Amino acid sequence: MIKNSLKVKKYFSLSKIKEKEWYLLVLSLILCLLIIWAGFIAFKGEAFNLRNILSIHTSPLVWFVNLLVLSIPTSVIYFFNYFNIHRQKLINQVRELQQNNIYNIEIAEKIRNGELDEMNVESIGKLSDTLLNLGTSLKTSREKEDNENWVTQGKELISDILRSHQKVTDLAVDVIRGIIEYTGAIQGSLFLLEDNHLKNIATYAYNRRRYERQTIPVGKGLIGAVAYEKEMIYRTEIPEEYYTITSGLLGEQKPKSIIIIPISQEEELQGVMEIAFIKNAIPKHVISFVEELGGIIGRTIYNLKINQKTEELLAESQQMTVTLKENEKQLQANAVEMMEAQEELEKSNKLLETQIQEVEHAQQRLEALLTNASEFISIYDENQRLVFESPSVKRILGYNDEDDVVGMDTDLLTPKGYKTINNLFQFLLETPGGVQTAQYTYLKKNGKKMFLETKGTNLLHDPAIKGIIFNTQDITERKRAEKEERMKSKMQSLSENSPDMIIRINTNGKLVYVNPRVSEFIGTPTDEIIKNRITDLEIDQRFIDYVLESLSKIRDEQIQIISEVEVTSGEENRVMEIKAIPEFSEEKELESILFVAHDMTELKKIEAEIKEKNKKISDSINYAQRIQTAILPDTKILQRYFPRSFMFYRPKDVVSGDFPWLIKKDNYFYIAAVDCTGHGVPGALLSFIGFFLLNNIINASDDLTAAEVLDNLHLDVRRTLRQDQEGANGRDGMDLALVKIDLESNELQYSGAHNPLYYLTEGEFIEYKGSRKGIGGIPLAKKKEKDFENHVIKYKKGDKFFIFSDGYPDQVGGENGRKYQSKRMRELIERDATESMAHHAQEFSNQFYEWMGEFKQVDDVLLIGIEL
């Protein structure tokens with residue numbers, strides 16, 4: 001062990017001279033002075049005594065001599081001491097240099113022997129610094145070289161194992177065992193990728209193989225994450241439950257560090273390998289070694305898979321060779337048959353030539369028939385391309401031979417006709433052998449419309465046609481005759497049996513047609529009315545004035561007019577709804593005006609009665625609404641006890657099936673948001689039952705929990721609605737969320753029938769779900785009901801909670817007319833967790849109306865928010 005520094009004692013002052021030498025020096029000086037003083041006294045011829053010594057010191061010369069005598073030895077001593085000091089410094093420097101050389105030589109020896117770590121080394125100069133840096137560099141290089149050699153040897157070891165196997169399952173076990181033994185790990189597993197899942201094919205731990213059959217989806221857990229990201233994971237903090245839940249590694253001793261690497265072949269994932277160590281930290285070269293093995297093992301597994309696939313293909317090929325040999329014999333037999341068939345074919349060809357000549361003659365006859373036929377034929381392929389069209393097409397469509405026109409020219413079809421032909425074509429294309437007929441309009445050369453009827457037949461399967469054939473004929477005259485007949489028949493039937501008065505007047509103001517109801521109303525036979533003008537009829541002048549005004553207005557604007565006109569028939573006033581309908585020709589010219597007068601008298605009386613009844617019902621409902629509003633708590637009452645609170649209450653109808661409930665007893669507050677079955681009047685009736693039953697339950701009992709209140713309400717509703725009696729079929733009831741608040745102990749209790757409690761504490765959102773049953777309803781005979789669950793929460797000042805009915809989340813709206821859903825409510829609360837309750841109140845209101853937009857409100861809405 002070399003000391004930290006070499007210390008040499010130094011003596012620099014006169015006080016360090018030996019005590020004996022000091023005495024001798026003082027005596028010598030005193031003796032010298034006595035001799036000098038004796039000389040001065042003898043020179044004066046006086047006796048040597050103390051008095052004469054003092055007397056001679058009156059002379060400056062004596063003092064000068066005294067000083068001279070004292071300065072000489074003092075100077076000698078000073079120079080001697082100065083020489084000794086510098087001599088001693090030189091000796092100390094030489095000794096220190098010798099010690100440093102010895103120290104540096106020892107450092108060099110330690111570096112040469114690789115024992116530098118065993119020394120407590122400190123820097124004593126530039127040479128020692130250089131040696132220490134050299135030693136450190138040599139040590140680092142040696143360690144790096146050792147690590148690289150260790151990695152190389154490990155890779156050779158694993159490569160030897162990989163080369164010695166032909167099956168992945170056998171290879172996996174030996175590879176895991178080899179890696180564990182070489183790296184000093186305690187456990188390892190290899191997972192193979194199959195159908196986006198990682199299947200455990202080998203696990204080795206504690207010097208023996210483990211049989212684990214574990215399958216992990218890609219992306220799940222640490223192993224799934226490595227497969228998904230294709231990146232290594234190195235962890236030194238292992239959860240207690242990791243190996244039983246996520247990794248699948250089992251063992252008597254939990255690992256302290258773990259490496260999970262992807263096994264890949266050129267970025268193509270083959271599997272995942274997991275290695276666990278008992279050490280807290282794994283050296284970097286071990287991590288690098290394991291990570292490099294991922295590519296080596298991946299390439300080997302990939303090659304083994306390829307080899308296995310190749311063997312399977314080879315076996316298939318061999319089987320196909322056997323099959324081909326068997327088929328070769330059959331082909332030889334077929335060749336003999338084909339030669340015989342060839343001879344028969346030659347005979348048939350001679351016969352065919354004769355038949356071809358006959359066909360040519362028949363074709364000439366067919367062309368003459370097609371040219372002069374009353375219909376034209378078109379053939380289209382499956383891509384709707386024209387293949388053939390008979391020569392009669394231009395004649396039938398009213399075009400000349402030089403006109404470039406085809407039977408289904410899209411430029412000459414009306415939009416409706418084009419759509420009809422497309423639909424016909426699509427139907428035939430999808431129906432092999434199908435037959436369908438369509439009628440459509442077409443423009444002739446002179447611009448007039450004509451009606452065509454096309455019968456389509458799918459003959460794509462027919463080798464002689466190989467297309468869709470259309471037979472088209474002109475049915476314009478037939479359509480016109482059918483229309484006229486149909487209109488006559490329809491109008492005759494309708495008008496003759498109609499309870500309304502029907503009058504047709506031409507543009508000149510003459511009556512062209514009246515039905516029997518007109519004759520009855522006027523009291524004049526039909527024959528005497530027709531061909532007269534409206535002014536010639538004996539009818540209420542108000543009716544005549546309306547007809548004349550309508551005629552004038554329709555001539556100018558050509559629009560339909562509907563009005564109510566009061567007329568007198570006999571002694572009775574009648575209210576008539578009269579429609580004036582313009583009728584146009586095919587050229588869009590006004591031909592006549594049809595007046596249809598419907599007697600609205602009885603309907604008006606019924607309408608008046610309905611209005612009166614509706615008024616009475618509305619008055620009753622409004623009165624019920626005033627009663628309901630009077631007994632239910634509102635925002636003002638809620639804020640009296642909880643200043644930082646709000647209530648968003650929007651009934652769908654005048655009265656509501658949802659209702660808020662608040663009651664204070666002793667030191668407790670009971671608050672609930674109740675949603676009764678239905679809305680409007682039925683819901684309001686149930687809300688009265690629920691309100692008073694809740695009040696009775698609280699007033700009749702002391703210190704009930706929130707769940708006990710719901711249990712009692714559940715039984716009371718059943719008894720009130722007689723749902724507990726045999727033969728009952730009513731399923732009416734209510735869902736609700738109820739809280740009980742104890743302001744002294746800072747305790748909040750919650751219980752819910754389906755409806756949840758949303759709770760905010762220190763910015764954290766918590767959802768407490770209600771029990772999965774409602775209040776009331778028919779009990780199940782063979783199933784015992786569970787009590788409502790009670791949640792107890794120790795709240796802190798500033799905590800917030802929200803209770804609500806299903807009207808808010810079920811509201812339809814947005815761009816696609818979907819429900820708002822509870823998820824958006826949770827997101828809104830979490831987003832504004834630090835905001836005030838006033839902000840929440842405004843935000844919930846804005847969100848509701850923005851979401852609803854133009855849609856109708858679907859249910860009663862109730863939302864209560866309170867900050868404690």
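Me: Buried means under 20% relative accessible area, exposed means over 50%, and partly exposed is whatever lies in between. With those cut-offs in hand, which class does H754 belong to?

Reply: This is a predicted model, and every class below is read from its atoms. H754 has a relative accessible area of 41%, so it counts as partly exposed. This residue sits in the loop between strand 22 (747–753) and strand 23 (757–761).

Me: What is the phi of H754?

Reply: The general idea is that most residues other than glycine have a negative phi. H754 is not a glycine, yet its phi is positive, at about 75°. K230 is another case, with a phi near 55° in a residue other than glycine; K230 is placed in the loop between helix 6 and strand 5, and its relative accessible area of 35% is why it is classed as partly exposed.

Me: Before going further into single residues, how many helices and strands does the chain have, and what share of its residues is buried?

Reply: The chain has 20 helices and 30 strands, and 38% of its 868 residues are buried. Its accessible surface comes to about 53300 Å², with 52% of that belonging to carbon and sulfur atoms. As for contacts, if one takes those in the chain between residues at least 6 apart in sequence, 57% of them join residues at least 24 apart.

Me: What does a buried position look like from the inside, for instance which residues are in contact with Q270?

Reply: Q270 is in strand 7 (residues 268–277), and it counts as buried because its relative accessibility is 2%. When its neighbours within four places in sequence are left aside, the contacts of Q270 include F191, L192 and L193, then I263, S264 and Q265, and also G298, I301, Y302 and K305.

Me: How should I read a salt bridge, and how many are counted in this model?

Reply: Side chains of opposite charge can pair when their charged atoms come close. The count here comes to 22 salt bridges. One of them joins E292 to K155, with the closest N and O atoms 2.8 Å apart. This pair links distant parts of the chain, since E292 is in helix 8 (residues 284–371), K155 is in helix 4 (residues 126–163), and the two are 137 residues apart. E292 has 34% relative accessibility and therefore counts as partly exposed, and K155 is also partly exposed, at 27%.

Me: Where do E583 and R504 lie, given that their side chains meet in a salt bridge?

Reply: The side chains of E583 and R504 come to 2.8 Å, N to O. E583 lies in strand 16 and R504 in strand 13 (residues 501–506), so this pair ties together parts that are 79 residues apart in sequence. R504 is buried because its relative accessible area is 17%, a value under the 20% cut-off.

Me: Are the partners in the salt bridge of D832 and R831 buried or exposed?

Reply: The closest N and O atoms of D832 and R831 are 3.0 Å apart. D832 has a relative accessible area of 7% and is therefore buried, whereas R831, with 52%, is exposed. The pairing does not end with these two, for R831, D832 and E843 are linked in a network of salt bridges.

Me: Some charges gather on the surface instead; which residues form the patch of negative charge, and which form the positive one?

Reply: The negative patch on the surface gathers E229, E231, E266, E267, E268 and E291. Within this group, E231 is placed in the loop between helix 6 (221–229) and strand 5 (233–235), and its relative accessibility of 53% is why it counts as exposed. The positive surface patch is formed by K449, K483, R486 and K588. Of these, K588 lies in the loop between strand 16 (572–584) and strand 17 (590–599), and it counts as exposed because its relative accessibility is 67%.

Me: Which residues make the nonpolar surface patch of about 310 Å²?

Reply: That patch is made by V26, I30, L34 and F48. V26 has its place in helix 1 (residues 19–44), and with 31% relative accessibility it counts as partly exposed, which means that it falls between the 20% and 50% cut-offs.

Technical notes:
Residues are numbered from 1 along each chain as its sequence is written. This is a predicted model: local features need pLDDT of at least 70, side-chain atom pairs count only at pLDDT 80 or more; totals for chains, interfaces and linings use all residues. Side-chain values use heavy atoms; hydrogens and water are left out. Patches are made of residues with over 30% relative accessible area and no salt bridge: like charges are joined within 9 Å, nonpolar side chains (Val, Leu, Ile, Met, Phe, Trp, Tyr) within 5 Å. Accessible areas come from the Shrake-Rupley method with a 1.4 Å probe; for residues, only the protein chains shown count as cover. A salt bridge is a side-chain nitrogen of Lys or Arg within 4 Å of a carboxyl oxygen of Asp or Glu. Lys and Arg count as positive and Asp and Glu as negative; His and the chain ends are not counted. The place of a charge is taken as NZ of Lys, CZ of Arg, CG of Asp or CD of Glu. Helices (H or I, at least four residues) and strands (E, at least two) are DSSP runs, numbered from the N terminus. Buried means under 20% relative accessible area, exposed over 50%, partly exposed in between (1.4 Å probe, protein chains only). Contact means heavy atoms within 4.5 Å.
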